[in-house]
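The following exercises concern a protein model with a bound ligand. Each task is followed by a solution that proceeds step by step.

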Amino acid sequence: MSSASPIGVDIGGTGIKVALVDLVKGALAGDRIRVATPSPATPAAIAALVASTVASVGGTGTVGLTMPSVVVDGVVTTAANIDPSWIGTDATELFEKATGRRVGVVNDADAAGMAEMRYGAGAGHDGVVILITLGTGIGSAVFHRGVLVPNTELGHLQMHHGDAEHWAAESVREREDLSWSQWAHRVSSYLEHLERLLYPDLFLIGGGVSRKADKFVPLLTCKTPVKAAELHNDAGIVGAAMVAPPEAT
Ligand code: BGC
């Protein structure tokens with residue numbers, strides 16, 4: 001791999017994952033480094049960890065990063081599952097100063113969706129495709145003819161008097177010790193709600209739990225076809241690298 005491979009950084013509520021990415025193959029081009037997300041996960045604490053992990057991954061490439069929040073022109077504007085001090089932070093400026101490299105920043109579900117649409121389960125699907133990530137929260141990425149509508153926040157749809165993510169995320173399955181069938185019932189209600197609003201042609205299910213898709217995808221009752229994401233935990237890192245600025249020539 002040339003030293004100019006982009007670096008993907010996937011920032012989540014529990015861990016920060018970093019790797020060099022091969023954008024021809026849509027795969028990691030080196031070892032994945034994972035560090036625990038600091039607590040409190042303030043901009044300064046995260047930036048310091050990103051700087052050290054990017055330095056240890058090496059190379060000279062530019063960097064793409066995901067945030068579990070709405071990101072508009074590099075500025076973080078929501079903080080559902082991260083420290084509220086992120087709101088209003090210019091993440092591009094923060095990470096460029098911290099790493100000394102040019103960076104791009106994108107919502108985590110949008111990154112996973114871009115990676116799945118180009119290299120994974122969404123490749124070749126032209127209609128309305130909705131990727132849902134089931135993790136600490138629920139993230140969404142909506143595509144039509146392969147084009148992303150950025151920053152959709154469909155995990156915050158109101159269901160049962162609260163955010164859907166507080167009722168159907170993977171973290172809720174773990175916290176409430178739900179069986180796969182109890183949880184699949186909740187995920188089905190959520191996907192059926194999306195069906196009634198957006199009439200997708202395909203759902204993709206991402207997040208770490210997509211590795212256990214055989215336990216719950218066959219139990220889903222929505223009408224729209226559902227496919228498990230194929231890049232699993234690497235989708236965020238690969239999608240992050242897709243927004244790394246191009247190398248200056
Ligand atoms: C955030 C989204 C994010 C999702 C998954 C939600 O709470 O609002 O921006 O994509 O969690 O991390």
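**Exercise 1. Contacts of L191 and the nonpolar cores**

Determine which residues L191 contacts, leaving aside its neighbours within four places in sequence, and describe the largest nonpolar core.

*Solution.* The model is predicted.

Step 1. Beyond its neighbours within four places in sequence, L191 is in contact with I132, F203, I205, L220, C222 and V226.

Step 2. The largest nonpolar core has 28 residues, and L191 is one of those that touch the most other members, together with I132, L134, W183, Y190 and F216.

Step 3. At least two residues of this core come from each of strand 9 (128-134), strand 10 (138-144), helix 4 (165-168), helix 6 (180-198), strand 14 (202-206) and helix 7 (213-216). Helix 6 gives the most, with seven residues.

Step 4. Another core, of 24 residues, lies apart from this one; A47, L65, A91 and V105 are among its residues.

**Exercise 2. Environment of E170**

Locate E170 among the secondary-structure elements, decide whether E170 is buried or exposed, and list what E170 touches.

*Solution.* Step 1. E170 lies in helix 5.

Step 2. The relative accessibility of E170 is 9%. Buried means under 20%, so E170 counts as buried.

Step 3. Not counting residues up to four places away in sequence, E170 touches L134, G135, W183 and V209. Of these, L134 and W183 are also among the residues that touch the most other members of the largest nonpolar core.

**Exercise 3. The ligand site**

Identify the residues that surround the ligand, and state how much of the accessible area of the ligand the protein covers.

*Solution.* Step 1. The surrounding residues are P68, S69, V70, A80, N81, N107, D108, I138, G139, E153, H156 and E165.

Step 2. Three side chains of this set place a polar atom close to a ligand oxygen:

- E153: a polar side-chain atom lies 2.5 Å from an oxygen atom of the ligand.
- H156: an N or O atom of the side chain is 2.7 Å from an oxygen atom of the ligand.
- N81: an N or O atom of the side chain is 3.0 Å from an oxygen atom of the ligand.

Step 3. On its own, the ligand has 310 Å² of accessible area, of which the protein covers 94%.

**Exercise 4. Salt bridges**

State how many salt bridges the whole structure contains, and characterise those formed by K17, D234 and E176.

*Solution.* Step 1. A search of the whole structure finds six salt bridges.

Step 2. K17 and D10 meet through their side chains at 3.7 Å, N to O. Both K17 and D10 are buried.

Step 3. D234 and R32 form a salt bridge at 3.5 Å, N to O. D234 lies in the loop between strand 15 (226-228) and helix 8 (235-242), and R32 in the loop between strand 3 and strand 4 (33-36), so the pair ties together parts that are 202 residues apart in sequence. D234 is partly exposed, at 26% relative accessibility, and R32 is likewise partly exposed, at 37%.

Step 4. E176 and R186 form a salt bridge at 3.1 Å, N to O. E176 is in the loop between helix 5 (170-175) and helix 6, whereas R186 is in helix 6, ten residues apart. With a relative accessible area of 39%, E176 is partly exposed, while R186, at 15%, is buried.

**Exercise 5. Enclosure of helix 8**

Explain why helix 8 is described as largely enclosed by the rest of the structure, and name elements that cover its buried residues.

*Solution.* Step 1. The buried residues of helix 8 are A235, G236, I237, V238, G239, A240, A241 and M242.

Step 2. Eight of the eight residues of helix 8 are buried, and helix 8 is therefore largely enclosed by the rest of the structure.

Step 3. The cover over these residues includes strand 1 (7-11), strand 2, strand 3, strand 5 (63-67) and helix 3 (108-119).

**Exercise 6. Two loop residues**

Place V24 and D126 in their loops, and decide for V24 and for D126 whether the residue is buried or exposed.

*Solution.* Step 1. V24 is in the loop between strand 2 (15-22) and strand 3 (27-28); D126 is in the loop between helix 3 and strand 9.

Step 2. Exposed means over 50% relative accessible area. V24, at 77%, is therefore exposed, and D126, at 55%, counts as exposed.

Step 3. V24 and Y119 are 95 residues apart along the chain, and their C-alpha atoms are separated by 9.3 Å. D126 and A164 are 38 residues apart in sequence and 27 Å apart in space, C-alpha to C-alpha.

Step 4. Not counting residues up to four places away in sequence, D126 touches H144, R145 and G146.

Key. Residues numbered from 1 in each chain as written. Predicted model: local features only at pLDDT ≥ 70, side-chain atom pairs only at ≥ 80, totals over all residues. Heavy atoms only, no water. Helix = DSSP H or I, 4+ residues; strand = E, 2+ residues; numbered from the N terminus. Buried < 20%, exposed > 50% of the residue type's maximum accessible area, 1.4 Å probe, protein only. Core = buried A, V, L, I, M, F, W, Y, C linked by side-chain atoms within 4.5 Å. Contact = heavy atoms within 4.5 Å. Near = heavy atom within 4 Å. Polar contact = N/O pair within 3.5 Å; in protein donor to acceptor, adjacent residues only side chain to side chain. Areas by Shrake-Rupley, 256 points an atom, 1.4 Å probe, with all protein chains shown as cover. Salt bridge = Lys/Arg side-chain N within 4 Å of Asp/Glu carboxyl O.
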